[in-house]
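Reader: I would like a close look at a single part of this model, with the terms spelled out. Please take one helix and its surroundings, then one helix pair.

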Amino acid sequence: MARTGLAGAVRVARWADAVLGPGSAGATADGKATLSDPTAERAAADLGLSAAQVRADWDTARLAGLVEVHGDSARPGWRLRAWDRDDSAVLRGWVALFDAWSLASPEPAEHEPAAVAEVVSAMPQVLSFLQLSAGPVPVEQLLDLLQQRVTELRTERCEIPYGPQPEPVSPPQLTDTPLEPLLDWALRALAAVGALTYGDAQATLTPLGSWAVWVKLEQICVAAQSPAGNIEQSAEDMLRGCAQLRPNAARAEYRAWLAARPVGSAVTQLIDAARGEDALLRGLAFEALRVVGAPAEPDVRSVVTESALRPYALLWLAEHDGVDPEDAHEVLTREEATWLWVDTAAAVADHGEAPMLVRHLESALQPTVPQLLDEVRAVGHPRTVQVLVALAAAHPDPALAKAVRRAAFQVHTGG
């Protein structure tokens, strides 16, 4: 259903990608990525559509993330790139359109913007009622529910006076606005994006709409059940809070934290945390990004050029592309793998115990300790000296510890 509903938007987005290409002038008319008249006419002629239909499909493509606006231009979004191979990209695209239903259809011009905003804020409860009803619901019943919810919203803002009042606290145009036309607009807009069917004075969620509302309710429940209580923390503090949790418990915490935030800002926060000096947080940030999945791909791909994040990003991308996690390390060069070994050792040295650091020595790619020390010195990790000193202090073999200390001294003195 999602693929069918977005087929027109995909067609126009792919046409723009193929015909206009990156950097083409005149594709859009303004900094909001609205199609210019010549471009819309050209697309209409090529696709056998009207210019109005092309523009409508283009707007849908933007709302669904098939086209992304960057500055004064638009370019294909990751969902368009992943469309044929990733069902989750399709569903996320449709959910993005569903979330933007109030933008997909022009709001009634004759009504106060504040009244329209109230109805938009109240519709999640109406949709939840439709989802729980699992069948047609009379519009009259939905109108009663909408009126109740709008009243609650105004009460929360103290716009409903308690007791006798000589003058109404809220402007008359808000309290007296009839909600029937606004409910009609909302239901038609939701029908236009495929979330429900509307006719014969009743509305019914489509299977796709019912699924989307269920996902939203599930996200609310997940967010409310943050097991370790880190949901309101910054990304860095949340990751620190997860450092002592078992993997499954940490993933549950990541999911709760992510459910309470827009995906884009959450990914940005996690990558910023990974750029810090704490190597443990770097690893945990990419574990959280694995929970995010496909929406994080563009951001992860963009940090491949950063030496501190490159090994983590390459492993993440390999696993995202379907490589078995046990084999993903093969995408790293010897130098990248050695850099990652040092970074992980730094995390263990800062947060683990001595036996863990000794065991970490056994995970190195190099067959001998002298070879490992030579390659560790060559990669130039900023924590090399501290890691080698910690390893020398932890290792029970005096001869090996002495060799490691010597290597640490040589790195420290530049020898």
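Author: What follows goes from the whole chain to one helix and then to a pair of helices. This is a predicted model, in which local features need pLDDT of at least 70 and side-chain atom pairs count only at pLDDT 80 or more, while totals for chains, interfaces and linings use all residues. Residues are numbered from 1 along each chain as its sequence is written, and side-chain values use heavy atoms, with hydrogens and water left out.

The protein chain has 23 helices and 5 strands (DSSP runs numbered from the N terminus: helices are H or I of at least four residues, strands E of at least two). Of its 415 residues, 44% are buried, meaning under 20% relative accessible area with a 1.4 Å probe, protein chains only.

Helix 18 spans residues 310-320 and is mostly covered, with 8 of its 11 residues buried. These are Pro 311, Tyr 312, Ala 313, Leu 314, Leu 315, Trp 316, Leu 317 and Ala 318. They pack against helix 16 (279-292), helix 17 (297-302) and helix 19 (334-351). Just after helix 18, Gly 322 has a positive phi of about 105°.

The pair is helix 20 (residues 354-361) and helix 22 (residues 384-394), whose axes lie 9 Å apart at an angle of about 105°. The axes are lines fitted to C-alpha atoms over the stretch in contact, with angles from 0 to 180 degrees between N-to-C directions. The two helices are therefore roughly perpendicular to each other (65 to 115 degrees). Ala 354, Leu 357, Val 358 and Leu 361 of helix 20 meet Ala 390, Leu 391 and Ala 394 of helix 22, where contact means heavy atoms within 4.5 Å.

Note on methods
Buried < 20%, exposed > 50% of the residue type's maximum accessible area, 1.4 Å probe, protein only. Parallel < 35°, antiparallel > 145°, perpendicular 65-115°, else oblique.
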